[in-house]
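The report that follows is written for a reader who is meeting this structure for the first time. It moves from one helix to charged pairs, then to a loop and a group of rings.

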Amino acid sequence: MQGSDIVIRAALREDVAAIAAILAGDTVGGHGDTTDPAALPGYLAAFDRISASPNETLYVAERGGEVVATCQTLVTTTLSGRGGSSMIVETVFTRPDCRGQGIGATMIRHCIEEAKREGMRAVQLTSNAARKDAHRFYERLGFAQSHLGFKLKLK
């Protein structure tokens with residue numbers, strides 16, 4: 001997908017270091033992401049697992065040949081809803097110096113269009129409770145807060 005000067009495309013293995021740098025810029029999530037070269041093999045292994053999955057896609061937003069944002073989708077099918085499938089959008093991050101320029105909105109709209117094209121019944125996402133700006137962003141894009149999420153950290 002292309003929007004103005006933004007190109008949304010499936011991530012390539014050579015994008016992984018740039019994606020890790022975007023994730024490492026997150027000060028809220030506490031995920032421990034880093035640009036340390038020693039961590040790159042772990043990121044590459046994760047990329048390989050995602051790429052091998054028929055139900056997952058890692059995207060990047062590119063501007064001027066440079067990766068400026070990322071998100072990931074997962075398609076899940078449940079028996080509830082008579083076997084309907086939904087798209088889950090995860091790990092939505094825009095480089096801090098590129099925020100407020102419509103890049104994230106372009107990425108999310110791309111995911112919504114993909115879900116429609118694939119006949120999904122819904123697009124859903126979760127957002128860290130501390131990310132108030134992100135909540136307003138998702139609401140502007142038409143998402144409604146409908147569920148309460150829970151997480152059990154194992155590592």
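In this predicted model, helix α4 is followed by Gly119, a residue whose phi is positive, near 75°. The helix itself covers residues 103-117, which makes 15 residues, and from its first C-alpha to its last it reaches 21 Å, close to the 21 Å expected at 1.5 Å a residue.

How much of α4 is covered, and which residues are buried? The helix is mostly covered, with 11 of its 15 residues buried. Ile103, Gly104, Ala105, Thr106, Met107 and Ile108 are among them, and further along the helix His110, Cys111, Ile112, Glu114 and Ala115 are buried as well. These buried residues pack against several strands, namely β2 (6-10), β3, β4 (66-77), β5 (85-94) and β6 (122-125), and also against helix α5 (132-140).

The end of α4 also takes part in charged pairing, since Arg117 forms a salt bridge with Glu114. Both residues lie in α4, three residues apart, which is about one turn of the helix. An α-helix has 3.6 residues a turn, so residues three or four places apart point the same way. Of the two partners, Glu114 is one of the buried residues of the helix, whereas Arg117 counts as exposed because its relative accessible area, 57%, is over 50%. Arg117 has a further salt bridge, formed with Glu118, and Glu118 is partly exposed, with a relative accessible area of 47%.

In total, the structure holds nine salt bridges. Three of them are set out below with the distance between their closest N and O atoms.

| Salt bridge | Closest N and O atoms |
|---|---|
| Arg13 and Asp48 | 2.9 Å |
| Arg117 and Glu114 | 2.8 Å |
| Glu118 and Arg117 | 3.1 Å |

Where in the chain do the partners Arg13 and Asp48 lie? Their salt bridge links distant parts of the chain, 35 residues apart, with Arg13 in the loop between β2 and α1 (16-24) and Asp48 in helix α2. Arg13 counts as partly exposed at 40% relative accessibility, and Asp48 likewise counts as partly exposed, at 35%. Elsewhere, Arg9, Asp15 and Glu62 are linked in a network of salt bridges.

Beyond helix α2 there is a loop that deserves a separate look. Ser53 is found in this loop, between α2 (40-52) and β3 (56-63). Is Ser53 buried or exposed? With a relative accessible area of 18%, Ser53 is buried, because the value falls under 20%. The side chain of Ser53 reaches the backbone nitrogen of Asn55 at a distance of 3.2 Å.

The remaining topic is the aromatic rings. A search of the whole structure finds two aromatic pairs. In one of them, the rings of Tyr138 and Phe143 have their centres 6.1 Å apart and their planes at 75°, so the pair is edge-to-face, as the angle is over 60 degrees. Both partners are buried, Tyr138 with a relative accessible area of 9% and Phe143 with one of 16%. Which residues do the ring pairs link into a cluster? The cluster is made up of Phe137, Tyr138 and Phe143.

Note on methods. Residues are numbered from 1 along each chain as its sequence is written. This is a predicted model: local features need pLDDT of at least 70, side-chain atom pairs count only at pLDDT 80 or more; totals for chains, interfaces and linings use all residues. Side-chain values use heavy atoms; hydrogens and water are left out. Helices (H or I, at least four residues) and strands (E, at least two) are DSSP runs, numbered from the N terminus. Buried means under 20% relative accessible area, exposed over 50%, partly exposed in between (1.4 Å probe, protein chains only). A polar contact is a pair of N or O atoms within 3.5 Å; within protein, one must be able to donate a hydrogen and the other to accept it, and residues adjacent in sequence count only if both atoms are side-chain atoms. Rings of Phe, Tyr and Trp (its six-membered ring) pair if their centres lie within 6.5 Å; planes under 30 degrees apart count as stacked, over 60 as edge-to-face and the rest as tilted. The expected span of a helix is 1.5 Å times one less than its number of residues. Contact means heavy atoms within 4.5 Å. A salt bridge is a side-chain nitrogen of Lys or Arg within 4 Å of a carboxyl oxygen of Asp or Glu.
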